[in-house]
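Thanks for coming. I will go through one model today, starting with the overall picture and then moving to the sheets and the packing around them.

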Amino acid sequence: MSSDPRATAPGADADHLTGTRRLAGDLVTGPVDRFAEPLATVLGPRSAGALAKLGLETTGDLLGHYPRRYGDPGRLTDLGGLVLGEHVTIMARVVQATVRAMRSRGGAMLQAEVTDGVHRLSLTFFAKGTGALRTHESRLQPGRTGLFTGVVSAYRGSRQLTHPDYLIIGVDADDEEAALIEARRPIPLYPASASIPSWRIQKAVRQVLDPLTEDEVPDPLPPAVREARGFGSRHAALKDVHEPFDTRQWQHGRDRLRYEEAFVLQAALAQRRARAEAEEATARPLRAPGEPSALADFDASLPFTLTAGQREIGEEISGELARSRPMQRLLQGEVGSGKTVVALRAMLQVVDAGGQAALLAPTEVLASQHARTLRTLLGPLAEEGMLGGADHGTRVALLTGSMGAAAKKGALLDAASGRAGIVVGTHALLSENVQFADLGLVVVDEQHRFGVEQRDALRAKARTSPHLLVMTATPIPRTVAMTVFGDLETSSLTEIPAGRAGITTHVVPADNEAWMHRTWQRVREEVDAGHRAYVVCARIHPDEPAADPGVDGAGAPAGAGAASRRKTRTDDFDEVPDFLDLDGQGGAGSDRPPLRAVLEVAEELASVPALRGLAVGILHGQMAPADKEKVMADFASGAVQVLVSTTVVEVGVDVPDATVMVVFDADRFGLSQLHQLRGRVGRGSAPGLCLLVSTVEPGTPAAVRVETMAETTDGFRLATVDLELRSEGDVLGAAQSGRASSLRLLRVVKDVAVIEQARADAAEVVAADPDLEQHPELRAAIASQLDPEREEFLERA
């Protein structure tokens, strides 16, 4: 397991100490960025090609590919848990190895057996002659321990690895002394693939790392921070995690590199906070008591009492709007906690102060819903200049990409003239032809669906930096808020307004006819009582291909689960934004039933005896805007009693008479999304019922999700469980922003103390040196890891 520490690849004759290289016959002098060197230059094209399949292309990539765990040479893998078809790396002891000729097909084969002390596994090698097999036989001597990698298959009822790659512990070394040392060391086990096993990655890492000096390893942690936290250099930490001599060493190195990840991220967020603090905003103070005020009139007209949380956060926001520095605040809360009212009160304060507010929503359905809700809440205050309108009211304009020319022209004029104090829209608001008279507040709903460039494009339409209020209906654990929304102050609404009757959730086995029959009976009972029902499906057409798993999945490698994203209209973001295959169930080649689709389910419901005679409607993102508006209006009025929909109803849709929701393929959605869907029912005085239709194996992450949904309505608990079931890269949007933004060691749920320490240290460093002129390596790490052109992952959770 050792290698020549000065080994270099063909064509890469390098003097690692002087910083000179010979590439393609030309001598290159001067400083060399060792972490930017292509692996093809350092290791040669063959090794580099195999590593590239793991996304590792430079020296920095390879050294940042940390071991996922460490093997103990004295601890063998439990072979009883191996799964057929799985690519594995196991540690086992050789029992026997025998070469014999094959009479029936010619050639020779070697059959070996390895054990964990209880179970056995066969190893099989084939060759034309016995020569090559004798080499294997001499290495696979009984009693030796090795790492073996391959795909688990079965032959005559026994599990086996055919032509496995392997490494014998303490034997595959250059000399006896090295072998004795290697045999006692922890064994780094890397995320690997069929094309390159873990120990070949380890060899490549050593070939790259061993020649590097401390000066050649950039260290983003300032010396004062390292000293205060008791950390060594980054060079030493890389040695510790990749080449440890004992457990304490790799743990120490891992802790240092984990802290580094948190520090770089928090330094970037601290810079963003500092830049926002330096910007100038127009103060939008409350009007004095007794002066005409849309906000005062609105408060007086409310038919309900604000919760304590709404009042407290409202005062907090009001004070920040009155400052000449831009507010940067995240407003999060439980489903139905009243975020819209809090946001509307902030918008009215800005309108009273002579400014305008823009509300940016991710879909046309949600934008239209917001516009209707605001107009309903405001009443005459939203009818300025109209018969019966309030004298000091305003107008609410709606702007979406698919509006007709006349309606769009009217909305544009209302925004540009200032007549519309509140402008609601999709990302059509970002168009160059959209102008505002005096934009003072930007409210972004469901921020995780927008990139920072889109948010800033809207803010750029203001004369001075507008105040910013980001809303999310997905509760976020505190550590995630610190990590992902660290440049925003955070407010959380945890109370539910009085009068809400609550929601009960049950899991329905999809393959149990009796349970399904009762499901439709319950829907009928609710409709007969004057209520409405949602039926949610994961896709639109039955012939639509199932989602293609991509990144993330309960800590699994890429390919274990991801979003199925079918873009429809330009104003409708992800139709199924959280489709998951976390358990490897239902992917390509799966024997699971196909996902239920809106169009087929709507057709089937017509033949369900319990639902006979009910008016069934459909809603999905591919429908024309006018058709979507009509079906939602019909559903709200009761002309449509059962609405079969995609997750386009996930956020913001408010039909108080909707009391029951049936979610097909519930185990294929994320917990946070299921929580949002469930929040569409029980919004009035009648209790809500959510029925999660699922086919899932007990004990799997999918089972944990649906069972947790049935156990609690606490959105913050659900968000934490959801995060624990997913990888951290997904939380930070690595799939959208590229591999460089993915966290490797930091776990935002578990590493609370690390994040808090890094946040405090980074704030101190940035306060003393806002542009990091004295910390070029930290500045370079931020530029490298958090590409300033694409910082969306800082906006995602």
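A residue counts as buried here when its relative accessible area is under 20%. By that cut-off, 54% of the 797 residues of the protein are buried. What you see is a predicted model. It contains 26 helices and 24 strands. Among contacts between residues at least 6 apart in sequence, 72% join residues at least 24 apart.

Confidence next. The mean pLDDT of the protein is 81, and 81% of the residues score at least 70. Helix H8, residues 234-242, has the highest confidence, at 97. Helix H24, residues 734-737, has the lowest, with a mean of 32. Residues 1-31 stay under 50 in pLDDT, and the model gives them 60 contacts beyond four places in sequence. The stretch 546-590 is also below 50, with 131 contacts in the model beyond near neighbours in sequence. Where pLDDT is low, predicted coordinates should not be read in detail. I will leave those two stretches there.

One residue from the confident end, then. Arg 234 is in helix H8. Is Arg 234 buried or exposed? Arg 234 has a relative accessible area of 13%, so it counts as buried. Beyond four places in sequence, the residues touching Arg 234 include Asp 219, Arg 256 and Glu 260, along with Phe 35, Val 217 and Leu 257. Pro 218 and Pro 220 are also in contact with Arg 234.

Now the first of two sheets. Seven strands form an open sheet with parallel pairing, in the order E14-E15-E13-E16-E17-E12-E18. Strands E14 (395-399) and E18 (489-493) are at the edges, each with a single partner strand, so one side of each has no neighbour in the sheet. On average, neighbouring strands are turned by 20 degrees against each other, direction ignored.

Look at E15, residues 420-425, which is joined to strand E13, residues 356-360, by 4 bridges. Ala 357 stands opposite Ile 422 in E15, and the bridge partner of Ala 358 in E15 is Val 423. Towards the edge strand, 5 bridges join E14 to E15, again running parallel. There, Ala 397 stands opposite Val 423 of E15. How many of the 6 residues of E15 are buried? The count is 6 of the 6, so E15 is largely enclosed by the rest of the structure.

Helix H13, residues 364-378, packs on this sheet and touches E13, E14, E15 and strand E16 (439-445). The direction of H13 makes about 170 degrees with that of E14.

That takes us to the cores. In soluble globular proteins, nonpolar side chains tend to be buried together. Here, the largest nonpolar core has 39 residues, and those touching the most other members are Met 347, Leu 378, Ile 422 and Leu 441. Which helix gives the most to this core? Helix H12, residues 339-352, does, with 9 residues. Leaving aside neighbours within four places in sequence, Met 347 contacts Ala 357, Leu 374, Ile 422, Leu 441 and Val 443. There is also a second, separate core of 32 residues; among them are Leu 595, Phe 669, Leu 692 and Val 721.

H12 also packs against helix H10, residues 294-301, at an angle of about 150 degrees and with the axes 8 Å apart. From H10, the contact uses Ala 294, Leu 295, Phe 298 and Asp 299. From H12, it uses Val 341, Leu 344, Arg 345, Leu 348, Gln 349 and Asp 352. By type, the residues of this contact are 6 nonpolar, 1 polar and 3 charged.

Last, the second sheet. It is open, with 6 strands in parallel pairing, ordered E19-E24-E23-E20-E22-E21. Its edge strands, E19 (503-509) and E21 (616-619), each pair on one side only. From one strand to the next, the twist averages 20 degrees.

At the E21 edge, 4 bridges pair E21 with strand E22, residues 642-645, in the parallel sense. Val 616 stands opposite Val 642 of E22, and Leu 619 has Ser 645 as its bridge partner there. Which side chains of E21 point to the buried face? Gly 617 and Leu 619 do, whereas Val 616 and Ile 618 point to the other face and are not buried.

That is where I will stop.

Conventions
Residues are numbered from 1 along each chain as its sequence is written. This is a predicted model: local features need pLDDT of at least 70, side-chain atom pairs count only at pLDDT 80 or more; totals for chains, interfaces and linings use all residues. Side-chain values use heavy atoms; hydrogens and water are left out. pLDDT is the predictor's confidence in each residue, from 0 to 100. Helices (H or I, at least four residues) and strands (E, at least two) are DSSP runs, numbered from the N terminus. Contact means heavy atoms within 4.5 Å. A nonpolar core is a set of buried Ala, Val, Leu, Ile, Met, Phe, Trp, Tyr and Cys residues joined through side-chain atoms within 4.5 Å. Buried means under 20% relative accessible area, exposed over 50%, partly exposed in between (1.4 Å probe, protein chains only). Axes are lines fitted to C-alpha atoms, for helices over the stretch in contact, and angles run from 0 to 180 degrees between N-to-C directions. Ala, Val, Leu, Ile, Met, Phe, Trp, Tyr, Cys and Pro count as nonpolar, Asp, Glu, Lys and Arg as charged, and the others, Gly among them, as polar. Two strands pair if DSSP finds at least two bridges between them.
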